[in-house]
Amino acid sequence: MQVKTKKITLSELAKLCGLSNTAVSSILNNYQNYKVPEKTRQKVFDMAAQHGYLRNELARAVITGRSRVLAFVADGETNWEYVSRVLDGALHMVAAHDYSLKVLAIAYFKECFPDQYQRRIVEKLLKQQVEGVLLYDQNGDFIEELREQLHQKNIPTCTVNSDCPKGIWVASDDYSGVKMAVKHLVDLGHRRIAYMGGTPYSTFYFSRERRRGYHDALHEYLPGEKLQEFACRRTEEDLQAMSGRMLDAHLGEFTGIICETDFHAVSIIREAISRGIRIPDDLSVVGYAGLNFCKYAALPITTIAQPFEEIGRIATKRLFTAIENNEDSWSSPEDIKLTSELIVRQTTAPPRS
């Protein structure tokens, strides 16, 4: 039977080391201005390890006023791949910098507290004494409201996956990403290129930027060619219906399609195959996001891969800087756009002569 050992206190550790509480605390916290011989410093760490001493982070936070805790608030479900991959990048950075990360999904708060979810989230962040907040914005009105409330409490924020008129935000350069996709098809010899995406009046940042990239790319690379745009909501039923209409009524008017997301690409490919249309012989398709299913599909999908993990790392690193420098990010807003990558697979090829 294993016998549990009692945790020793800071005072007990100091007595074992023959030092004062202040000296041991300063050594364990690596205070730069506390100078002691390296032999003494090593003795403290060795004794702490030998006797199982663990620093009380809560007590340390009370004394220093620093919790070393960040929060990740997602306007969406955290099991979505693009959210989880951004979160993965953030977790990598907090681990490297000795921080902790609290994860809050607005969708689950709405489910549990439909009439109080906003107040509950704000209270949770304040009670946890978070030093900064990463906001994953999927066009939620509450994210904007939350950003305002945190600013009033002098808690810095960094928004990811969306633009932000105030403060710091990090996202992929979706405008350039779609231009890259169009250029890829043009280089293969395509001249009639369509775009399938969200509705023109969409308020989603990525939707606006990708559509704008398609417009400008056609004007730049194929002057005189007409824009061919097909829009629908991003539900599975609407994507299937739109894909069918595109292929039944307009096939022959285009030889390549740029899709706003990888889900659009999957839908158009599935409907094409069900009609006997060969991908990429009869029709080339490019997705957007670089989600993992693209490389494992029966027909691996050419896509523009967003740097989700890097977005999480850069956003977290930038938030650290804002915290350490006590920045008022609203007085000097900053946008950081990261380059995406074209991944060529088996859904694009030169058009048939």
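I looked first at which way the side chains of β3 face, and found that Gly132, Leu134 and Tyr136 point one way while Val133 and Leu135 point the other way, all of them buried (buried meaning under 20% relative accessible area, exposed over 50% and partly exposed in between, with a 1.4 Å probe and protein chains only). I noted that β3 spans residues 132–136 and is mostly covered, with 5 of its 5 residues buried; strands here are DSSP runs of E of at least two residues, helices runs of H or I of at least four, both numbered from the N terminus.

I kept in mind that this is a predicted model, in which local features need pLDDT of at least 70 and side-chain atom pairs count only at pLDDT 80 or more, while totals for chains, interfaces and linings use all residues. Residues are numbered from 1 along each chain as its sequence is written, and side-chain values use heavy atoms, without hydrogens and water.

I then followed the neighbours of β3, taking two strands as paired if DSSP finds at least two bridges between them. Strand β1 (residues 69–74) pairs with β3 in the parallel sense over 5 bridges, and Ala74 has Tyr136 as its bridge partner in β3. Strand β4 (residues 157–160) runs parallel to β3 and is joined to β3 by 4 bridges, with Val160 of β4 standing opposite Tyr136.

I next placed these strands in an open sheet of 6 strands with parallel pairing, in the order β2-β1-β3-β4-β5-β11. β2 (100–105) and β11 (334–338) stand at the edges with a single partner strand each, so one side of each lacks a neighbour in the sheet.

Lastly, I checked β5 (residues 168–172), which runs parallel to β11 and is joined to β11 by 5 bridges, Ile168 having Glu334 as its bridge partner in β11.
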